[in-house]
Amino acid sequence: MPEKHQSAILDVRFRPNSSQLATASMDKSVRIWDAANPSRCVQQYTGHNSAVMSLDFHPNKTDLLCFSDSENEIRYWNMTTSSFTNTLKGGNAQVRFQPGAGELLAAAYDKGISIFNVETGRQIYSLQGHPEEVNYICWVANGDILASVSRNFVKFWSLSSGEYIKGLRSSGEQYYSCVFHPSYSNILVIGGTTNIELWNLAEDKSMTIPTDQNIISCLVQSPVTGIVASASHDCTVKLWR
């Protein structure tokens, strides 16, 4: 098989407790790699009729991989048996499993977010309220709250009730990404066009940090080091504490 994707890579996730990672691409495929030997592709999954937009590994069932495509289809793939175990409708952007037990799957689509029960595949919530496309989602570490980002809004949702909690409107800077701070779970880090915004949920206050980056399209955090990494369209990655 070709050792590289034939088009842009749209998402990457590490397999829990493993050196393996998965990549999703506009070439309609998902590839598995091993960081211990990154020069060759370990496995490849095809079958989608459109670009694979996002993917995620289940936090506990580490042989379970989920991916979504641009035609609103979500598939579960069992890596051990090399077979699809379920196909759902309701996600054409980011997909993220709930941390911890992984009972729920959040899938962004158009202006909303679908919340599925992983075991049954049943959609239990449809979170609506963004006036624009939802381009990023993230869970708080305990899995109780989900944050969603669109161009001019950030919204918080309770997953015990499926209800909207509160939101933040952009004061001019467009939003592209978000992640909860690894050391302070009540602080959401939001990636904008050139700035990072810190929003304290408990105090409902925010502050802006200039970055010299251009469109902060991805934010990730390390609970071990307490570091947040920001990646942007100007091909730079910056580390923050």
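Let me begin with a term: two rings of Phe, Tyr or Trp, taking the six-membered ring of Trp, are called a pair if their centres lie within 6.5 Å. With that in hand, please look at Tyr45, Phe67, Trp77 and Phe84, which together form one aromatic cluster. I should say at once that what we have here is a predicted model, and I will speak about it with that in mind.

Let me stay with the rings for a while. Over the whole structure, a search finds 8 aromatic pairs. One of them is made by Tyr76 and Phe97, whose centres are 6.3 Å apart and whose planes stand at 35 degrees, and this pair is classed as tilted. What I would like you to notice is that this pair links distant parts of the chain, since Tyr76 belongs to strand β7, residues 73–78, while Phe97 belongs to strand β9, and 21 residues separate them. Tyr76 has a relative accessible area of 3% and is therefore buried, and Phe97, with 5%, is buried as well.

Now compare a pair from the cluster I started with, namely Trp77 and Phe84. Why is this pair called edge-to-face? The planes of the two rings are at 75 degrees, with the centres 4.4 Å apart, and so the pair is edge-to-face, because planes over 60 degrees apart are given that name. As for their surroundings, Trp77 has a relative accessibility of 9% and counts as buried, whereas Phe84, at 31%, counts as partly exposed.

Phe97 brings us to a sheet, because its strand, β9, is part of it. In this open sheet, 4 strands follow each other in the order β9-β10-β11-β12, with antiparallel pairing. The edges are formed by β9, residues 95–97, and β12, residues 123–128, each of which pairs on one side only. On average, and ignoring direction, neighbouring strands of the sheet are turned by 20 degrees against each other. If you follow strand β11, residues 112–117, you will find that it pairs with β12 in the antiparallel sense over 5 bridges, and that Gly112 stands opposite Gln128 in β12.

My last stop is Arg31, which you will find in strand β3, residues 30–34. Is this residue buried or exposed, and which side chain of opposite charge is nearest? Arg31 is buried and yet has no salt bridge, and the nearest side chain of opposite charge is that of Asp27, 4.5 Å away. The side chain of Arg31 does, however, make a polar contact of 3.5 Å with the side chain of His5.

Methods. Residues numbered from 1 in each chain as written. Predicted model: local features only at pLDDT ≥ 70, side-chain atom pairs only at ≥ 80, totals over all residues. Heavy atoms only, no water. Pairing = 2+ DSSP bridges. Helix = DSSP H or I, 4+ residues; strand = E, 2+ residues; numbered from the N terminus. Axes fitted to C-alpha atoms, helices over the stretch in contact; angles between N-to-C directions. Buried < 20%, exposed > 50% of the residue type's maximum accessible area, 1.4 Å probe, protein only. Lys, Arg positive; Asp, Glu negative; His and termini not counted. Salt bridge = Lys/Arg side-chain N within 4 Å of Asp/Glu carboxyl O. Polar contact = N/O pair within 3.5 Å; in protein donor to acceptor, adjacent residues only side chain to side chain. Phe/Tyr/Trp six-rings, centres within 6.5 Å; stacked < 30°, edge-to-face > 60°.
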